[in-house]
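Here is an informal walk through one protein chain, from the overall layout down to a few single residues. Have the model open while you read.

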Amino acid sequence: MAVSGAGEARGYRPSATMPFAAEFRRQASRRRTQLALGFMVLLPLIILVAFQFNSGGDDDNGNNEFASLVDLATSGGLNFTLFSIFVSASFLLVVVVALFCGDTVASEASWGSLRYLLAVPVPRARLLTVKLVVALAYSGLALLLLAGTALVAGTLRYGWSPLRSTVAAELEPTEGLLRLLAVLGYLAVVLLVVAGLAFLLSVTTDAALGAVGGAVLLWILSSILDQITALGALRDFLPTHFSTAWLGLLSTPVQTDDVVRGCISAISYATLFWGLAFWRFTRKDITS
């Protein structure tokens, strides 16, 4: 075999190993990817069907805030999309992002294929970069599928009407659509914290379930701590403190102070977690 002066096989280029497209197709063939994305499409349809069973009568929860959101959800496709995002943002999307980012490296280790990938040879930093980018791509795709399916199904069922919410005046459909896109963008940034934490746990353990579950549990713990007012200003440093700041994007006028703080917090935490993941993996003994 011809060897270059650097001790590498002639023609070997580290940047050409493990192509993004190949890894994207590989992850697309996995059952967990298909089920997760399929459920993102199915959930708005389930909600739509559930609304058809509304008897229209009064019940015990008829006057609460959630009931008012349900009433708004059936007043147009934009409102139905907003409701679907609202009921998914605090838990379901967290689980999906943790699944894609927490399972990506740990699953290779649990199958015993990680060391074979590195023996190809694929540089460790290259492997992690491709794995992370693909996981983030599928996480973003899941978010878009949820919102896109809700928008199409809601518009077909309830029509194209102005966006209304409990925190804002009525918004014309075009402006309402732009506000929803801004909400999706902010949620994508906030969920980077979950992605970073799950990815860090994925390179730390060989148990994919532990990485996914650990990220979700830590997110829930942060949410619980954020409700304890006795912590005072310390709550501002919790990764979940600004997770609902997207509601300010629906207000009139738009409130962006917490949105900016939330973006800075999320990007800072995500960068820290990803940096630790790369530092840990490039120094880790790979035995599986």
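A residue counts as buried when its relative accessible area is under 20%, as exposed when that area is over 50%, and as partly exposed in between. Take serine 222: at a relative accessible area of 5%, serine 222 falls under the 20% cut-off and is therefore buried. This serine sits in helix 11. Leaving out residues up to four places away in sequence, serine 222 touches Leu238, Pro239 and Thr240. Keep in mind that this is a predicted model.

**The overall picture**

The protein chain has 12 helices and two strands. Reading from the N terminus, the order is α-α-α-α-α-α-α-α-β-β-α-α-α-α. Of the 288 residues in the chain, 44% are buried. Take the contacts between residues at least 6 apart in sequence: 78% of them join residues at least 24 apart. On the outside, the chain exposes about 14400 Å², and carbon and sulfur atoms supply 65% of that area.

**The core and its neighbours**

The largest nonpolar core holds 77 residues, and the members touching the most others are Phe51, Tyr186 and Trp246. Helix 8 (residues 124-158) gives this core its largest share, 14 residues.

What does phenylalanine 51 contact, once its neighbours within four places in sequence are left aside? The list is Val70, Ala73, Thr74, Phe80, Phe83 and Tyr158.

Isoleucine 47 belongs to helix 2 (residues 31-51). Its relative accessibility is 11%, so isoleucine 47 counts as buried. Beyond residues up to four places away in sequence, isoleucine 47 touches Phe80, Phe83, Ser84 and Val87. Phenylalanine 80 is 33 residues from isoleucine 47 along the chain, with 9.2 Å between their C-alpha atoms.

**Helix 10, mostly under cover**

Helix 10 (residues 192-204) has 13 residues and spans 18 Å from first C-alpha to last, close to the 18 Å expected at 1.5 Å a residue. Helix 10 is mostly covered, with 10 of its 13 residues buried. Among those buried are Val193, Leu197, Phe199, Leu200 and Val203. Which helices do the buried residues of helix 10 pack against? They pack against helix 5 (92-103), helix 6 (106-111), helix 8, helix 9 (173-190), helix 11 and helix 12.

**A glycine meeting point and a nonpolar patch**

Glycine 159 is in the loop between helix 8 and strand 1 (163-165). Neighbours within four places in sequence aside, glycine 159 is in contact with Gly76, Gly77 and Gly154. Glycine 76 lies 83 residues away in sequence, yet the two C-alpha atoms are 5.2 Å apart.

On the surface, Leu218, Leu221, Leu225, Ile228, Leu231, Leu234 and Phe237 make a nonpolar patch of about 620 Å². One of these, leucine 231, is in the loop between helix 11 (208-226) and helix 12 (257-282).

Here are the relative accessible areas of the four residues picked out above.

| Residue | Relative accessible area | Class |
|---|---|---|
| Serine 222 | 5% | buried |
| Isoleucine 47 | 11% | buried |
| Glycine 159 | 23% | partly exposed |
| Leucine 231 | 31% | partly exposed |

Why is leucine 231 classed as partly exposed? Its relative accessible area is 31%, and partly exposed covers values between the 20% and 50% cut-offs, so leucine 231 belongs there. Glycine 159, at 23%, is partly exposed because its value also lies between those cut-offs.

Definitions and conventions:
Residues are numbered from 1 along each chain as its sequence is written. This is a predicted model: local features need pLDDT of at least 70, side-chain atom pairs count only at pLDDT 80 or more; totals for chains, interfaces and linings use all residues. Side-chain values use heavy atoms; hydrogens and water are left out. A nonpolar core is a set of buried Ala, Val, Leu, Ile, Met, Phe, Trp, Tyr and Cys residues joined through side-chain atoms within 4.5 Å. Buried means under 20% relative accessible area, exposed over 50%, partly exposed in between (1.4 Å probe, protein chains only). Helices (H or I, at least four residues) and strands (E, at least two) are DSSP runs, numbered from the N terminus. Contact means heavy atoms within 4.5 Å. Patches are made of residues with over 30% relative accessible area and no salt bridge: like charges are joined within 9 Å, nonpolar side chains (Val, Leu, Ile, Met, Phe, Trp, Tyr) within 5 Å. Accessible areas come from the Shrake-Rupley method with a 1.4 Å probe; for residues, only the protein chains shown count as cover. A salt bridge is a side-chain nitrogen of Lys or Arg within 4 Å of a carboxyl oxygen of Asp or Glu. The expected span of a helix is 1.5 Å times one less than its number of residues.
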